[in-house]
Amino acid sequence: MSVPKYSLFLSILTLLLVISPSGRSPAGAQAAPPLDFKLIYRAAQLSSHAYDGKRRILARYGANVTRVATPGNTNVQYILLHDHQRRRQIIAVRGTVDDTNWKLDRDRRIVRDGRSGVLLHRGFRRAADTIFKDIKPRLKAGYTTYLTGHSLGGAVAAILGIYLWDDAFKLGGIYTFGQPKFTNLQGATIYRDLPILRVVYQNDTVPLLPDRTRGDKQQFVHIGPVLNLLTGPYYLYGTAKQATQFSKRSFRRMLFQISLPDHKMKWYLQSLRDKQAGTKRVRFRDRNKYITRHKYGSGVDTTPPKRQFNFNHHN
């Protein structure tokens, strides 16, 4: 694909990303990004492109690419894009692709984070801390910052958003796809005004995890509102308060509905494409009427058959 096409894509994306002001919102105020399905689709595309190699990313985004890197030994790749004309910067974080990432996913001990002061999932915090040290000197303090990511990348993007929020960066929005939980109720309460929108496709298993920490001492919950993508134009929306409450022990509650194939970026992108012509919100009690069942192995994975960690597909 040519550079001009994706330069235009970035320009359109940054034009759409005009939302909440910087800094913490007043107590009780909600700073959720707008429910703009064109914007969300473009964020999903960028989350999907984060799985690509450096050469392909450079070919897509050209001069807008400031850095593509996998710092430290966590093997979590991120992309940093700058739109200097509009004074905006966008960070996209890759999800799980190998055993190194899988070990981060499985490290569900909860630790006190030195920057935010809240308890965080140890594996995700480690990846976020590594990227933050690498990316912070390359960020423009006066620019509006947007973050996105899928799966592990979504959790890391959200934690990076917390770090930047605390450092008084102007956050335009954090858009995550199939993001797992990474903090407890206290952390979710403290950062209830973080401008984040979690997107979940149908019965994706990963956002229900992890339910509890190792040793069963702490319960993980989600931060921010949730957009549940259903088939065709249909969707379900939950406020931050509703989503946090529902996320308590959500894996046990939804055990008989979970779907691992629903975690693939292929289906996230397809569902969002289906909503570009129009959408219709449904009630929670009616959501099962608008679910498409995908068989295991449906879609195309981008890793060898021995280790199917990578749920991305955008070709």
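Phe246 is partly exposed, at a relative accessible area of 30%. Keep in mind that this is a predicted model. Phe284 is also on my list: its relative accessibility is 48%, and it counts as partly exposed.

What is the geometry of the Phe246 and Phe284 pair? The ring centres are 5.9 Å apart and the planes meet at 65°, so the pair is edge-to-face. The cut-off here is over 60 degrees. Now the sequence positions. Phe246 belongs to helix α8, residues 240–246. Phe284 sits in the segment after β11, which spans 280–281. The two parts are 38 residues apart in sequence, so the pair ties them together.

Next, the other aromatics. How many aromatic pairs does the structure hold? Six. One of them is Tyr201 with Tyr268, a tilted pair. Centre to centre, that is 5.9 Å, with 55° between the planes. This pair, too, links distant parts of the chain. Tyr201 is in strand β8, residues 196–201. Tyr268 is in helix α10, residues 265–274. The separation is 67 residues.

Are these two tyrosines buried or exposed? Tyr201 has 5% relative accessibility and counts as buried. Tyr268 has 0% and counts as buried as well. The threshold is under 20%. Ring pairs also bring in Phe177, which forms a cluster with Tyr201 and Tyr268.

Phe177 takes us to the sheet. In β8, its bridge partner is Val199. Strand β7, residues 170–177, runs parallel to β8, and four bridges join the two. Helix α10 packs on the sheet and touches β6, β7, β8 and β9. Its direction makes about 105° with that of β8.

Now the whole sheet. It is open, with nine strands and mixed pairing. The order is β1-β2-β3-β6-β7-β8-β9-β10-β11. Which strands stand at the edges? They are β1, residues 65–69, and β11. Each has a single partner strand, so one side of each is left without a neighbour in the sheet.

A second helix to look at is α2, residues 37–49. Helix α2 lies across β2, β3, β6, β7, β8, β9 and β10. Relative to β7, α2 runs at about 70°.

Last, charges over rings. Arg115 lies over the face of Tyr163, 5.1 Å from the ring centre. Lys266 lies over the face of Trp267, also at 5.1 Å from the ring centre.

Note on methods:
Residues are numbered from 1 along each chain as its sequence is written. This is a predicted model: local features need pLDDT of at least 70, side-chain atom pairs count only at pLDDT 80 or more; totals for chains, interfaces and linings use all residues. Side-chain values use heavy atoms; hydrogens and water are left out. Rings of Phe, Tyr and Trp (its six-membered ring) pair if their centres lie within 6.5 Å; planes under 30 degrees apart count as stacked, over 60 as edge-to-face and the rest as tilted. Buried means under 20% relative accessible area, exposed over 50%, partly exposed in between (1.4 Å probe, protein chains only). A charge sits over a ring if NZ of Lys or CZ of Arg is within 6 Å of the ring centre and within 35 degrees of the ring normal. Two strands pair if DSSP finds at least two bridges between them. Contact means heavy atoms within 4.5 Å. Axes are lines fitted to C-alpha atoms, for helices over the stretch in contact, and angles run from 0 to 180 degrees between N-to-C directions.
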